[in-house]
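Take a look at the sequence and the model below. We will begin at the ligand and work outwards to the whole chain.

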Amino acid sequence: MSLPAFIFTALLIFQAGLVVTGGAVRLTGSGLGCPTWPECTDGSIKPIVRQAEGQLHAWIEFGNRLIAWLILILALAALIYIVKKLKNRKDYKRLRALALLQIAGFAGQVVLGGITVLTKLNPISVSAHFVLTLPLIAGALALRHRILDKPVLSVKPTTLTVSKIVVALTFIVLVIGTVVTGTGPHAGDVDAVRYKLDERFISWLHADAVILLIGLTLALIFVIRAAEEELVKKYLGKLVLIFLLVSLSQGAIGYIQYFTGLPELLVGAHLLGATLVWISAWRIKLTVSNNSK
Ligand code: HEM
């Protein structure tokens, strides 16, 4: 693997991984494993022996914080690579801005992480923490897409419009998902306040939005097959099919976890699935956007 492929792929993987490790923090009840911020416990940046919160909780929360720092290192490496090696590219400024946004996003996550701990895992702050990772994952994916010169296809206006609606609806599904979590048993921790909503209502709203999303994705496949030329049919059609399959699997996990009392392992799988759904949606967005590089 070449150096740029390594840096930009690692950045994407860690951005997505942070969501899953963040989930592990929540699902193991380790949100306050490091009760202070930016230190882990008073007087120490890392967990200490005999920490009141317990070693396991402290290290899980601390591990999540470490991954965030790793992301900063990778984002800086990405910026340095772009500035040193890619100055002559037509999209240099765009690439530089995307890398800078990864760094700004890191700063945003650190501040939000701090607010989350200081507000004792308030659900709005926990949801925002997740939602902020979505543009960061999208940005990391965009960087990788450009650096590895992945195709950008010119498509018919209808395909473009339906694709954009699919991606926007995916975002909405994800945001509603965080509200479902913030209403139910796996919000911040046992004592954290919840959104004052009916759990059943918000879960069904989330699932209904997913059903609409699946319907629109099928419509997109139909539009591509009916109106696009062979290359688009093949390449974009494959990306949309992957999105459909990932979303269907994610939907299945969603229903199973709902009807089996939200076991932690499935909820963790649902969180991983959520990042994969988002990545596969954003790949569609990047492929059909504009072809000016
Ligand atoms: C494309 C499909 C789906 C996506 C992208 C998605 C995404 C999400 C996200 C992002 C969360 C919040 C995770 C967190 O903050 O920890 C969530 C939670 C949840 N989702 Fe979905 N979801 C999908 C389908 C479904 C379906 C069909 C159901 C069926 C009822 C469902 C049920 C739930 C439940 C019950 C939770 C709360 C889990 C918890 O206690 O943490 N999801 N979903």
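Start with the ligand. This is a predicted model, and 29 residues surround the ligand in it. Those that come nearest are Gly177, Thr181, His186, Gly254 and Ala274. Find these five in the 3D view before you read on.

Which helices supply the shell around the ligand? Helix 5 (157-183), helix 6 (199-227), helix 7 (230-259) and helix 8 (264-288) each give at least two residues. Helix 7 has the largest share, with seven residues.

Now sort the shell by class. It holds 15 nonpolar and 14 polar residues. Charged residues are absent from the shell.

Next, step back to the chain. The protein chain has eight helices and zero strands. Trace the sequence from one end to the other, and the pattern reads α-α-α-α-α-α-α-α.

The domain assignment splits the protein chain in two. Domain 1 covers residues 1-150, and domain 2 covers residues 152-293. The centres of the two domains, taken over C-alpha atoms, are 22 Å apart. Where they touch, domain 1 puts in 26 residues and domain 2 puts in 27 residues.

Look at the side of domain 1 that touches domain 2. Two or more residues come from each of helix 1 (3-27) and helix 4 (123-147). Helix 4 gives the most to this side, with eleven residues. What classes of residue make up this side of domain 1? There are 16 nonpolar, six polar and four charged residues.

How do the contacts run along the sequence? Consider the contacts in the protein chain with a separation of 6 or more. Of these, 75% join residues that are 24 or more positions apart.

Finally, consider the overall dimensions. Along the principal axes, the C-alpha atoms of the protein chain fill a box of roughly 65 × 50 × 30 Å. What radius of gyration would a compact globule of 293 residues have? The value would be near 19 Å. The protein chain has 20 Å, so the two agree. As for burial, 37% of the 293 residues count as buried.

Now put the parts together. The protein chain is built from eight helices and is assigned two domains. Helix 4 leads on the side of domain 1 that touches domain 2, while helix 7 gives the largest share of the shell around the ligand.

Key
Residues are numbered from 1 along each chain as its sequence is written. This is a predicted model: local features need pLDDT of at least 70, side-chain atom pairs count only at pLDDT 80 or more; totals for chains, interfaces and linings use all residues. Helices (H or I, at least four residues) and strands (E, at least two) are DSSP runs, numbered from the N terminus. The radius of gyration is taken over C-alpha atoms; the globule rule is 2.2 Å times the number of residues to the power 0.38. A residue is buried if 20 or more other C-beta atoms lie within 10 Å of its own, exposed if 12 or fewer, and partly exposed in between; C-beta atoms are placed from the backbone. Two residues are in contact if their C-beta atoms, placed from the backbone, lie within 7 Å. A residue is near a molecule or strand if its C-beta atom, placed from the backbone, lies within 6 Å of it. Ala, Val, Leu, Ile, Met, Phe, Trp, Tyr, Cys and Pro count as nonpolar, Asp, Glu, Lys and Arg as charged, and the others, Gly among them, as polar. Domain bounds come from an automatic or database domain assignment.
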